Amino acid sequence: MKPEIRKIQTGILLINLGTPGAPRSREVRVFLRKLLSSKRVLDINPVWRWLLVNLIILPFRSGKSAKAYRKIWLKDGSPFLVHLQKLKNALLEQLAEEKIPVELGMQCGEPSLKSAMARLHKQRCDRIIVLPMYPQYASSTYGSAIEDLYKEILDDWNIPHLQIIPPFFSDSRFIEAWAKVGLPYLENGPDHVLFSFHSLPLRHLKKSDCSGAWCKNDYVCCLELVSENRNCYCAQSYHTAKLLAGSLNLETEKWSVSFQSRFGRDVWIKPSTEEHLKQLAERGVKRVVVFCPGFVADNLETLEEIGMRATEHFKEHGGEDLQLVPSLNNHPEWVSALTSIIRQHLASC
């Protein structure tokens, strides 16, 4: 009797950046060192990168960031990790009939990519559908996630077949999930809607220009998504905002785009969210609703930077109310959208 050929087992790997293990300077320092040591995040000479990270950033930023984390920390831990764990469990329930394992792996922190891959290996997964949880492509996020994953499996004797889901910044299911989450915040008719994305150094945009001639670093070249700027983070962000504004039926003059979370002396994508909110307030805008559609789960950049600091900043300059739309987190619409995206790729295996 011939032995039965085992059916290929498929697993799902969700990748995201990660979070400190605790809102203390020591844990934040470990997290930041891992994050900023990447050549895709700080794309400078390795020697200068080491000096910058270890002698300037870590000594001065760790304590400040730890204080900010303490403001948003939940009793169950980091809100970012709490939401993503709930999302993973919800996906497991959705895919229970297919008996598809789902694991969460963080590039910095726990659960680590290494441990996630080990759990998938233990469940005998030969094929892995990889979902980097970054809607827009940037080498410092999506690119670094794929690089970190390849490093983890480089020494494996049996390399699993990887099917990597591309950035989903324009996927109608992603857009509609955001629209469903945000619509209740527009019922009272805010004066303005702001789509705030994480910023990047301008040189990152230039390096993403495959044509070598399209990027002018003047933002005008980012307003429309075309073949030449298809890998441009800024152009993809504007495209996401445009699609979401359309889904929410926003009038052109009632919404805008800005970029947050800048640090250092490099020239970053503009306009900055902080400066833009100041200008809106000075123009007489009193009530603003802010979406952060570059993030799929609430974290320090949404809850503290926008929900707390940006709100205070807006009011200091004459604004009256700033409402932060919660991220997708484990919202049922997002769970349904992700399940659909995953099943689409399962069907193509």
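**Notes on cysteines, helix packing and a buried serine**

1. Cys 215 is buried, with a relative accessible area of 6%. Keep in mind that this is a predicted model. What keeps Cys 215 from bonding to the closest cysteine sulfur? That sulfur belongs to Cys 221 and lies 4.6 Å from the one in Cys 215, which is too far for a bond. The cut-off here is 2.5 Å between the two sulfur atoms, so the pair does not count as a disulfide.

2. The rest of the cysteine story goes the same way: searching the whole structure turns up zero disulfides. Cys 210, for one, is in no disulfide, and its nearest cysteine sulfur, in Cys 232, is 11 Å away. Is Cys 210 buried or exposed? Cys 210 is exposed, at a relative accessible area of 53%, whereas Cys 215 is buried.

3. Next, have a look at helix H4, residues 113-122. Leu 113, Ala 116, Met 117 and Leu 120 are its buried residues to look for. Viewed down the H4 axis, the buried residues sit within an arc of 95 degrees, so they line one face of the helix. Lys 114 and Lys 122 are exposed on the other side of H4.

4. What does the buried side of H4 pack against? Its partners are strand E1 (9-18), strand E2 (102-108), strand E3 (125-132) and helix H5 (139-153). After H4 comes Arg 124, and you may want to check its backbone: phi is positive there, near 60 degrees.

5. Now for a helix pair. H6 (residues 172-182) and H11 (residues 332-347) have axes that come within 9 Å and cross at roughly 175 degrees. With that angle, H6 is roughly antiparallel to H11.

6. Which residues make the H6–H11 contact? From H6 there are Arg 173, Phe 174, Ala 177 and Lys 180. They meet Glu 333, Trp 334, Ala 337, Ser 340, Ile 341 and Gln 344 of H11. By type, the contact is a mix: five residues are nonpolar, two polar and three charged.

7. Last, Ser 199. You will find Ser 199 in the loop between strand E5 (192-198) and helix H7 (202-207). Although it is a loop residue, Ser 199 is buried, with a relative accessible area of 0%. Which residues touch Ser 199, if neighbours within four places in sequence are left aside? Phe 259, Gln 260, Arg 262, Trp 268 and Ile 269 are in contact with Ser 199.

Methods:
Residues are numbered from 1 along each chain as its sequence is written. This is a predicted model: local features need pLDDT of at least 70, side-chain atom pairs count only at pLDDT 80 or more; totals for chains, interfaces and linings use all residues. Side-chain values use heavy atoms; hydrogens and water are left out. Buried means under 20% relative accessible area, exposed over 50%, partly exposed in between (1.4 Å probe, protein chains only). Axes are lines fitted to C-alpha atoms, for helices over the stretch in contact, and angles run from 0 to 180 degrees between N-to-C directions. Helices (H or I, at least four residues) and strands (E, at least two) are DSSP runs, numbered from the N terminus. Angles under 35 degrees count as roughly parallel, over 145 as roughly antiparallel, 65 to 115 as roughly perpendicular and the rest as oblique. Contact means heavy atoms within 4.5 Å. Ala, Val, Leu, Ile, Met, Phe, Trp, Tyr, Cys and Pro count as nonpolar, Asp, Glu, Lys and Arg as charged, and the others, Gly among them, as polar. The arc is that of the directions from the helix axis to the C-beta atoms.
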